[in-house]
Amino acid sequence: MDLYEHMGKDLFRAHGIETPRGIVAFSGSDAASATGELGGRSVVKIQVQVGGRGKGGGVELCDTPDAAAAAADRMLGTDFKGFPVTRVLVEELLPIAREFYTSMVLDRSRGDYLAMTTAEGGMDIEEVARTRPDALRRVHIDPMLGLRAYHVRELIGTLPVEAWEGAGDTIRKMFELLVERDATLVEVNPLVLLEDDRVVALDAKVTIDDNALWRHPDIAGLAEQFPIDDVEARAKEKDLQYVKLDGEVGIIGNGAGLVMSTLDVVAQAGARAANFLDVGGGASADQMATSLEVVLSDPAVKVVLVNIFGGITRGDLVARGILEALERVQARVPIVVRLDGTNAEDGRRILSDAAHPKIVPASNMLEAAEEAADLAGATP
Ligand code: GDP
Ligand code: MN
């Protein structure tokens, strides 16, 4: 479960990590009075379960309560990357000297934790990781040994000396939080050095392992505060496994494994999946129609990729299902279809005979993904 920044910061404070003073606001007038309480100036930040707010207009520095009200009014009630904005965090403005990056994640492939720091924090961290990986210090932490002093020294060693004490303290507390709260990610970007040499967590990204939420009823209870996505609610009603993601290629497949690998192949083709949707074993016309409805109702979707491997599900029935679905649902974007397995040839023939203007047939998964990426405008 991804926490809102203000929830992550509540956990930070509970573990003794320094954060700016902040007040959650649900309206422009809330934001104005919060700004007054914080000394007349503030930072207003959209609260959503997705990052990249700084670059996307989701963070605004405000010099007066009125400016904060205007910023909050602009942000509230809109969508940020498809996520509805129901609240903002209003924080005190701090005099920043330097911005760093630090994070800890559960590394499932190695069965340990990976901690990282760099002195080049801020909004271009992905760029730093890609172009100058050496600028990132990486330390693996054996869960049996826990975080040792030498790990901390290695991690802070890349930061300016004025930040060592504060950053080391933050890193130790982040690790305590990670373990005690069963987090799979604790990221602070930026971790800042203030002009008075204090080190403060200016942002908080915390993900709690869903499988451990039963051990943390206080955190599990926070889920009620996340807005329920209409599309996800409809999918649930129809027993479809649907998860919204933030790309542009809508995905429909049968079987969780096939859908997961479809996401990977789409990424390999240079595009990003807009969702995960598993129609399940049956893939009947009705299920297919609902799936298309669900996926097409996401305005971010520029192309749909249907990837079905017929086993018990027969390809001819799937093809008829898609055509029936297209009588019920208005397709506003192209639909790339890859059919394989039982009766796939019959299925493909049915689709080509129908010559539906929106259906783009593909003969294998990679070709389908490349076609979809192309149609989504993701590849040059
Ligand atoms: P993200 O882009 O969603 O990760 O949002 P962040 O919380 O990291 O904020 C983005 C950027 O806003 C930071 O890198 C800072 O440069 C800036 N920012 C946020 N809070 C403050 C603040 O209190 N003072 C100043 N000067 N800048 C801030
Ligand atoms: Mn950030």
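Strands β8 and β9 pair in the antiparallel sense, joined by five bridges. Within this pairing, threonine 117 has arginine 137 of β9 standing opposite. The model in which these strands appear is a predicted one, and the account below moves outward from this pair to the chain as a whole before turning to a second sheet.

Strand β8 also has a partnership with strand β7, which covers residues 96-107; the two run antiparallel and are joined by seven bridges. One of the residue pairs here is leucine 106 with tyrosine 113, its bridge partner in β8. β7 and β8 form a hairpin with four residues between them, and in the turn glycine 111 has a positive phi of about 70°. Is β8 enclosed or open to its surroundings? Seven of its seven residues are buried, so β8 is largely enclosed by the rest of the structure.

After β8 (112-118), the loop that leads to α4 contains glycine 122. This glycine is buried, because its relative accessible area is 4%, and buried means under 20%. Leaving aside residues up to four places away in sequence, glycine 122 touches Glu99, Phe100, Asn189 and Pro190. The C-alpha atoms of glycine 122 and leucine 191 are separated by 8.4 Å, although these residues are 69 apart along the chain.

The loop between α4 (125-131) and β9 (137-141) holds proline 133. Proline 133 counts as partly exposed because its relative accessibility is 41%, and that class lies between the limits of 20% and 50%. The C-alpha atoms of proline 133 and leucine 317, which are 184 residues apart along the chain, are separated by 49 Å.

The chain may now be considered as a whole. It has 13 helices and 18 strands, and its C-alpha atoms fill a box of roughly 75 × 50 × 45 Å along the principal axes. Of its 380 residues, 51% are buried. Among contacts with a separation of 6 or more, 71% are accounted for by residues 24 or more positions apart. The chain exposes about 17600 Å², of which carbon and sulfur atoms supply 50%. It carries 39 positive and 61 negative charges, and the mean positions of these two sets are 1 Å apart.

Another part of the chain forms an open sheet of four strands in the order β1-β6-β2-β3, with antiparallel pairing. Its edge strands, each pairing on one side only, are β1 (22-25) and β3 (59-62). From one strand to the next, the twist averages 20°. Four bridges join β1 to strand β6 (residues 88-91) in the antiparallel sense, and alanine 25 has valine 88 as its bridge partner in β6.

Helices accompany this sheet. Helix α1 (residues 5-14) lies across β1, β2 (42-46) and β6, and runs at about 50° to β6. Helix α3 (residues 65-75) packs on the sheet, where it touches β2, β3 and β6, and its direction makes about 165° with that of β3.

Helix α1 includes lysine 9. Is this lysine buried or exposed? Lysine 9 is buried, because its relative accessible area is 1%, against a limit of 20%. Not counting residues up to four places away in sequence, the residues that lysine 9 touches include Lys45, Leu89 and Glu91. Further contacts of lysine 9 include Ala201, Leu202, Asp203 and Ala204.

Methods:
Residues numbered from 1 in each chain as written. Chains lettered and ligands numbered in written order. Predicted model: local features only at pLDDT ≥ 70, side-chain atom pairs only at ≥ 80, totals over all residues. Heavy atoms only, no water. Buried < 20%, exposed > 50% of the residue type's maximum accessible area, 1.4 Å probe, protein only. Contact = heavy atoms within 4.5 Å. Areas by Shrake-Rupley, 256 points an atom, 1.4 Å probe, with all protein chains shown as cover. Lys, Arg positive; Asp, Glu negative; His and termini not counted. Charge placed at Lys NZ, Arg CZ, Asp CG, Glu CD. Pairing = 2+ DSSP bridges. Axes fitted to C-alpha atoms, helices over the stretch in contact; angles between N-to-C directions.
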